[in-house]
Amino acid sequence: MSVRRARRRSALRSASAAWLVVALSLTGCGGQSALTPHSGPARDIDKLWWWMLAAAAIGFFGAIAMLAVAWWRRRKEGLPWLGEREETTNSLVIVFGIAVPVVVLVSLFVVANLVVAKSTEAPAAGTTQLSINVVGRQWFWEVRYPGSPAVTANEIHIPVRTRVNVIATTDDVIHSFWVPELNRKIDMINGRTNRVLLYADKPGVYRGQCAELCGLQHAHMAFQVIAEPAARFRRWLANMAAPARAPQGAAAQQGEQVFMTQQCASCHTIRGTAADGRIGPDLTHVADRRTLAALTIPNTRPELISWIRDPQRIKPGNKMPALGLSNAQINAVADYLAGLR
Ligand code: CUA
């Protein structure tokens, strides 16, 4: 194989690899995609994206076509074509080099900054029925419902077809809060409050993700927005607001003992008990959650046990240390937590 052919082949291979990455990220391989919108603002972003792609594709393939024509003409000297006359060449440059790009870029700029920026912007004060505070932490999302004692983590329940004002702040690290199927992303910056409108057309679970490199656990900063019918949301919120259930059965009671006496309680809050730590997530209703550690693992008994045994193996850099509990103690704590519905 000639050097030239080998080079061409390797270029083709890297180009197709790049396209594969692009295609996978667009189809929402990770369970979320800005191209499957489920709200008005997300639909506007999606439309703008397709228009930008179309404009960029026409520009790109237009330029490639021009290059091809030039290359072809160099090989076959004397072929007739438009550019024989100087005025024609000049008009081609003016039309495709100046006029078309200016019109396309200005229209995209206007649509993006006046239309889409408007439709996706934070809701004006008093135009939403519900506000939720989301606080970025190392390394989870704390979720609070103002006016209710409910505090949860990594799973944001909202009523469907309701305008929800998400008030985003951060405690100790910069994050970017993004639910691509519902709206644009917003930054969580120390000392600042940013807001974003969440609205879901239909019930469902919409995955969110931190969209800005924030440190060791950036890749494990995911969350879910669970949109559900209003009545079910109200029942859920009432349950979240209630203090923790008392442990049922000997194993769970022993687990509560372990929890309160072995450091767990100094980092986690369980409302209705003596545990009032503020470093880790509130565990008052932890069994209600589908996942643990910002969607790193499903909330099942075996996963919970491996988490308690060695949290740093599952999520390096998080603030929970392995406490060196015995197997019996870990099992008892898992029994206790499983009862916190
Ligand atoms: Cu938080 Cu990346």
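This report describes the helices, a sheet, the salt bridges and one loop residue of a predicted protein model.

## Basis of the model

The structure is a predicted model, in which local features need pLDDT of at least 70, side-chain atom pairs count only at pLDDT 80 or more, and totals for chains, interfaces and linings use all residues. Residues are numbered from 1 along each chain as its sequence is written, and side-chain values use heavy atoms, with hydrogens and water left out.

## Overall composition

The protein has 9 helices and 12 strands. Helices (H or I, at least four residues) and strands (E, at least two) are DSSP runs, numbered from the N terminus.

Buried residues account for 37% of the 341 residues. Here, buried means under 20% relative accessible area, exposed means over 50%, and partly exposed lies in between (1.4 Å probe, protein chains only). A contact means heavy atoms within 4.5 Å. Of the contacts between residues at least 6 apart in sequence, 63% join residues at least 24 apart.

## Helix 2

Helix 2 covers residues 40-75, a total of 36 residues. The expected span of a helix is 1.5 Å times one less than its number of residues. For helix 2 this gives 52 Å, and the end C-alpha atoms are 53 Å apart, which agrees. At the N-terminal end, Ser39 acts as a cap, with a side-chain oxygen 3.3 Å from the backbone nitrogen of Ala42.

Which residues of helix 2 are buried? They are Pro41, Ala42, Asp46 and Leu48. These buried residues pack against helix 3 (86-119) and strand 8 (194-198).

## Helix 7

Helix 7 spans residues 301-309, and its buried residues are Leu304, Ile305, Ser306, Trp307 and Ile308. Their packing partners are strand 11 (291-292), strand 12 (297-298), helix 8 (311-314) and helix 9 (327-338).

## Salt bridges

Side chains of opposite charge can pair when their charged atoms come close. A salt bridge is defined as a side-chain nitrogen of Lys or Arg within 4 Å of a carboxyl oxygen of Asp or Glu, and a search of the whole structure finds 10 of them. One joins Lys47 and Asp44 at 3.7 Å, N to O. Both residues lie in helix 2, 3 residues apart, about one turn of the helix. An α-helix has 3.6 residues a turn, so residues three or four places apart point the same way. Lys47 is partly exposed, with a relative accessible area of 48%, and Asp44 is also partly exposed, at 21%.

Another salt bridge links Lys118 and Glu121 at 3.2 Å, N to O. Lys118 is exposed because its relative accessibility is 55%, while Glu121, at 38%, counts as partly exposed. Are the partners Arg137 and Glu142, whose side chains meet at 2.8 Å, N to O, buried or exposed? Arg137 is buried, at 6% relative accessibility, and Glu142 is buried, at 5%. Arg137 and Glu142 belong to a network of salt bridges that also links Arg144, Asp171 and Arg278.

## The five-stranded sheet

Strands of a sheet pair through backbone hydrogen bonds, either parallel or antiparallel. Two strands are taken to pair if DSSP finds at least two bridges between them. One open sheet has 5 strands in the order 4-10-9-6-7, with mixed pairing. Strand 4 (155-159) and strand 7 (186-188) stand at the edges, each with a single partner strand, so one side of each is left without a neighbour in the sheet. Neighbouring strands of this sheet are turned by 25° against each other on average, direction ignored.

Strand 4 pairs with strand 10 (residues 222-228) in the parallel sense over 5 bridges. Within this pairing, Ile226 of strand 10 is the bridge partner of His157. Helix 4 (residues 230-241) packs on the sheet, touching strand 4 and strand 10, and its direction makes about 135° with that of strand 4. Axes are lines fitted to C-alpha atoms, for helices over the stretch in contact, and angles run from 0 to 180 degrees between N-to-C directions.

## Thr120 in its loop

Thr120 lies in the loop between helix 3 and strand 1 (130-137). Thr120 is buried, with a relative accessible area of 3%. Leaving aside residues up to four places away in sequence, Thr120 touches Pro41, Ile45, Asn183 and Arg184.

The side chain of Thr120 makes a polar contact with the side chain of Arg184 at 2.9 Å, and reaches the backbone oxygen of Ala117 at 3.5 Å. A polar contact is a pair of N or O atoms within 3.5 Å; within protein, one must be able to donate a hydrogen and the other to accept it, and residues adjacent in sequence count only if both atoms are side-chain atoms.
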